[in-house]
Amino acid sequence: MKKLPVLLLILCCTSLIACSKGSQINGHNTRTAFRSVKALKNHLSPDARIEFEVSFWMLRDSIKSEKDFLNAVDGKKPEEIIALGKELYQQRKNNGFAGYEKYTSWDDMIAKFGKERIDQDNRKGKKEDPKDQANDVLYKL
């Protein structure tokens, strides 16, 4: 009978520990890392989401080894990934990395990516082509 409270305490502690990792990237393998990134970005504001995605993929591009990349992102929160992305941007900008010369700062790059994303979303919402309407299989009765 005395073992029951101890067992319940251990069970509660393990469940709290397991639930606390929900806001971090699980870097045990590539599949879990991408799945956790997908889940994390859905809980961010649109501006933070773009920064997080850009930072994550910049890190993925800069760290060629799969194992080193997973070790670098494992257990990181979105804010930490964004901070790493900003540092990497500044290093690349200072080293004259191709493609970064058109951006004056990190915020400028994120703003342009955000504008591109909005433009892509607007293009998706355009009206259908009249040729497609002629091939419609729905008939008027």
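Student: What does the secondary structure of the protein come to?

Tutor: Seven helices and zero strands. From the N terminus on, the elements run α-α-α-α-α-α-α. Keep in mind that this is a predicted model.

Student: How much of the protein counts as buried?

Tutor: Of its 141 residues, 26%. As for contacts between residues at least 6 apart in sequence, 54% join residues at least 24 apart.

Student: What makes Ser 55 count as buried?

Tutor: Its relative accessibility is 0%. Buried means under 20%, so Ser 55 qualifies. Ser 55 is found in helix H3, and, not counting residues up to four places away in sequence, it touches Ile 81, Ile 82, Gly 85 and Trp 106.

Student: Glu 51 is in helix H3 too. Why is Glu 51 said to have no salt bridge?

Tutor: Look at the nearest side chain of opposite charge: that is Lys 86, 4.1 Å away. A salt bridge needs the side-chain nitrogen within 4 Å of a carboxyl oxygen, so the pair of Glu 51 and Lys 86 doesn't make the cut. Glu 51 is buried all the same.

Student: Which residues does Glu 51 touch, leaving out those up to four places away in sequence?

Tutor: Ile 82, Lys 86, Trp 106 and Ile 110. Lys 86 is on that list because contact means heavy atoms within 4.5 Å, whereas a salt bridge asks for 4 Å.

Student: How many salt bridges does the count come to by this rule?

Tutor: Seven. One of them joins the side chains of Lys 41 and Glu 53.

Student: How do you know that Lys 41 and Glu 53 meet in a salt bridge?

Tutor: The N to O distance is 3.1 Å, and the cut-off is 4 Å, so the pair passes. This pair links distant parts of the chain: Lys 41 lies in helix H2 (residues 30-41) and Glu 53 in helix H3, 12 residues apart. Lys 41, Glu 53 and Arg 117 are linked in a network of salt bridges.

Student: Are Lys 41 and Glu 53 buried or exposed, and what makes them so?

Tutor: Glu 53 is at 13% relative accessibility. That is under 20%, so Glu 53 counts as buried. Lys 41 has a relative accessible area of 23%; partly exposed covers what lies between 20% and 50%, so Lys 41 is partly exposed.

Student: What makes Lys 64 and Asp 61 a salt bridge?

Tutor: Their N to O distance is 3.7 Å. The limit is 4 Å, so they count. Lys 64, at 67% relative accessibility, is exposed because the line for that is over 50%. Asp 61 has 37%, so it is called partly exposed.

Student: And how do you know that Lys 115 and Asp 119 are separated by about one helical turn?

Tutor: They are four residues apart in helix H6 (residues 106-124), which means about one helical turn. Their side chains meet in a salt bridge at 3.3 Å, N to O. Lys 115 is at 53% relative accessibility, over the 50% line, so it counts as exposed. Asp 119 is at 31%, so it is partly exposed.

Student: At what angle do helices H3 and H4 pack?

Tutor: H3 (residues 46-62) and H4 (residues 66-73) pack at about 145°, with their axes 9 Å apart. The crossing is right-handed. Phe 56, Leu 59 and Arg 60 of H3 make the contact with Glu 66, Phe 69 and Val 73 of H4. These residues divide into four nonpolar, no polar and two charged.

Student: Why is Lys 67 called exposed?

Tutor: Lys 67, in helix H4, has a relative accessible area of 61%. The line is over 50%, so "exposed" is the word for Lys 67. Its C-alpha atom is 9.2 Å from that of His 28, 39 residues apart along the chain.

Student: What makes Leu 84 partly exposed?

Tutor: Leu 84 is at 26% relative accessibility. Buried would need under 20% and exposed over 50%, so Leu 84 falls in between. Leu 84 sits in helix H5 (residues 78-94). Leaving aside neighbours within four places in sequence, Leu 84 is in contact with Leu 59 and Lys 76. The C-alpha atoms of Leu 84 and Met 58, 26 residues apart along the chain, are separated by 9.3 Å.

Note on methods: Residues are numbered from 1 along each chain as its sequence is written. This is a predicted model: local features need pLDDT of at least 70, side-chain atom pairs count only at pLDDT 80 or more; totals for chains, interfaces and linings use all residues. Side-chain values use heavy atoms; hydrogens and water are left out. Axes are lines fitted to C-alpha atoms, for helices over the stretch in contact, and angles run from 0 to 180 degrees between N-to-C directions. Helices (H or I, at least four residues) and strands (E, at least two) are DSSP runs, numbered from the N terminus. A crossing is left-handed if the near helix is turned anticlockwise from the far one by less than a right angle, and right-handed if clockwise. Ala, Val, Leu, Ile, Met, Phe, Trp, Tyr, Cys and Pro count as nonpolar, Asp, Glu, Lys and Arg as charged, and the others, Gly among them, as polar. Buried means under 20% relative accessible area, exposed over 50%, partly exposed in between (1.4 Å probe, protein chains only). Lys and Arg count as positive and Asp and Glu as negative; His and the chain ends are not counted.
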